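Thanks for coming. I will go through one protein model, starting with its sheet and ending with a few single residues. Please look at the sequence and the structure first.

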Amino acid sequence: MPAAPAPAPAAATDLADYYRRRAAYYERVYHKPERQADLRAMEAWLAEAFTGRRVLELACGTGWWTPHGAARAAHWLATDLNPETMALARLKALPPTVEFAVIDAHGLDGLAGRSFDAAFAGCWWSHIPLARLPGWIDKLHRQLQPGARVVVLDNRFVQTSNLPITRRDAEGNTYQTRSLDDGSVHEVLKNFPTADGLRRLLARRASGFEWTAWTHYWAASWRVAA
Ligand SMILES: C[S@@+](CC[C@H](N)C(=O)[O-])C[C@H]1O[C@@H](n2cnc3c(N)ncnc32)[C@H](O)[C@@H]1O
């Protein structure tokens with residue numbers, strides 16, 4: 001008998017709403033056995049990346065990366081649009097240098113008077129529509145000092161560990177159909193970029209571009225052009 005087709009999403013998913021509803025069990029994704037070796041390596045790598053820096057973290061969610069990134073930072077502002085995800089992040093063992101704020105990672109309003117020499121975003125890049133990426137990078141860079149270090153990390157597509165891609169739109173964005181524990185079904189924009197794609201985007205905007213690939217994740221790092 002042919003397999004039943006996946007249920008269709010009810011409507012275009014609002015990303016923040018989807019993650020708010022998923023917050024209580026979001027970190028299951030970090031308990032997948034096949035990702036554990038990558039995660040330990042990345043956590044150690046992240047702790048080195050921000051030593052002595054004043055860091056803006058975007059879309060921190062439940063704060064999986066926050067204690068690692070903030071371990072040696074001078075100051076760390078963890079932000080997300082959802083107070084519900086940040087409420088869980090606040091429960092983590094965090095250095096006293098960590099502060100939280102509700103900030104829209106697209107608008108980046110509410111940061112006036114703050115000074116950052118680094119930025120970090122975990123698993124956020126993949127949710128930015130391709131057409132918005134150049135403008136988003138420029139907006140982020142305007143919040144940072146010249147020469148600031150930026151680190152983003154995200155998922156690589158591994159067929160045995162990721163949900164399948166169910167659609168590609170005219171601009172090249174890819175989508176997954178995801179179900180929540182409440183039975184609701186959501187179509188979520190999730191892109192899987194290449195090193196060359198990022199390098200091209202950052203060519204005139206940054207220096208010192210570096211790409212690191214683990215089995216299940218990638219990370220990119222660069223310095224804001226002076
Ligand atoms: C895939 S999760 C990443 C969470 C965390 N950084 C991690 O890597 O585990 C995406 C996060 O983006 C947040 N989010 C969605 N839309 C947002 C927006 N416009 N501004 C800021 N955060 C947003 C969600 O609340 C969620 O916490």
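Which residue in β4 stands opposite Val-55? Ala-118 does. Before going on, some ground rules. The model is predicted, so to speak of local features we need pLDDT of at least 70, and side-chain atom pairs count only at pLDDT 80 or more, while totals for chains, interfaces and linings use all residues. Residues are numbered from 1 along each chain as its sequence is written, and side-chain values use heavy atoms, with hydrogens and water left out.

Now the names. Helices (H or I, at least four residues) and strands (E, at least two) are DSSP runs, numbered from the N terminus. Two strands pair if DSSP finds at least two bridges between them. In general, strands of a sheet pair through backbone hydrogen bonds, either parallel or antiparallel.

Val-55 and Ala-118 belong to a pair of strands: β1, residues 54-58, and β4, residues 116-122, are joined in the parallel sense over four bridges. Both are part of an open sheet of seven strands with mixed pairing, in the order β3-β2-β1-β4-β5-β10-β9. At the edges are β3 (98-102) and β9 (206-213); each has a single partner strand, so one side of each is left without a neighbour in the sheet. On average, neighbouring strands here are turned by 15 degrees against each other, direction ignored.

Next, the helices. For angles, axes are lines fitted to C-alpha atoms, for helices over the stretch in contact, and the values run from 0 to 180 degrees between N-to-C directions. Contact means heavy atoms within 4.5 Å. Helix α5, residues 133-142, lies across β1, β4, β5, β9 and β10, at about 135 degrees to β5. Helix α6, residues 195-202, lies across β5, β9 and β10, at about 170 degrees to β9.

Which residues of α6 are buried? Buried means under 20% relative accessible area, exposed over 50%, and partly exposed in between (1.4 Å probe, protein chains only). In α6, Ala-195, Leu-198, Leu-201 and Leu-202 are buried. Seen down the axis, they fall within an arc of 130 degrees, so they line one face of α6. The arc is that of the directions from the helix axis to the C-beta atoms. These buried residues pack against α5, β5, β9 and β10.

Helix α2, residues 36-49, has buried residues too, among them Leu-39, Met-42 and Leu-46. The buried residues of α2 cover an arc of only 160 degrees around the axis, which puts them on the same side of the helix. On the other side, Ala-37 and Glu-48 are exposed. The cover over the buried side includes α3 (66-70), β4, β5 and β10.

Back to α5, for one of its residues, His-141. His-141 is buried, with a relative accessible area of 10%. Leaving out residues up to four places away in sequence, His-141 touches Val-150, Leu-202, Arg-205, Ala-206, Trp-222 and Val-224. With Trp-222 there is a polar contact between the side chains, at 2.9 Å. A polar contact is a pair of N or O atoms within 3.5 Å; within protein, one must be able to donate a hydrogen and the other to accept it, and residues adjacent in sequence count only if both atoms are side-chain atoms.

Last, the loops. Leu-108, between β3 and β4, has a positive phi of about 55 degrees although it is not a glycine. Leu-108 is buried, at 2% relative accessible area.
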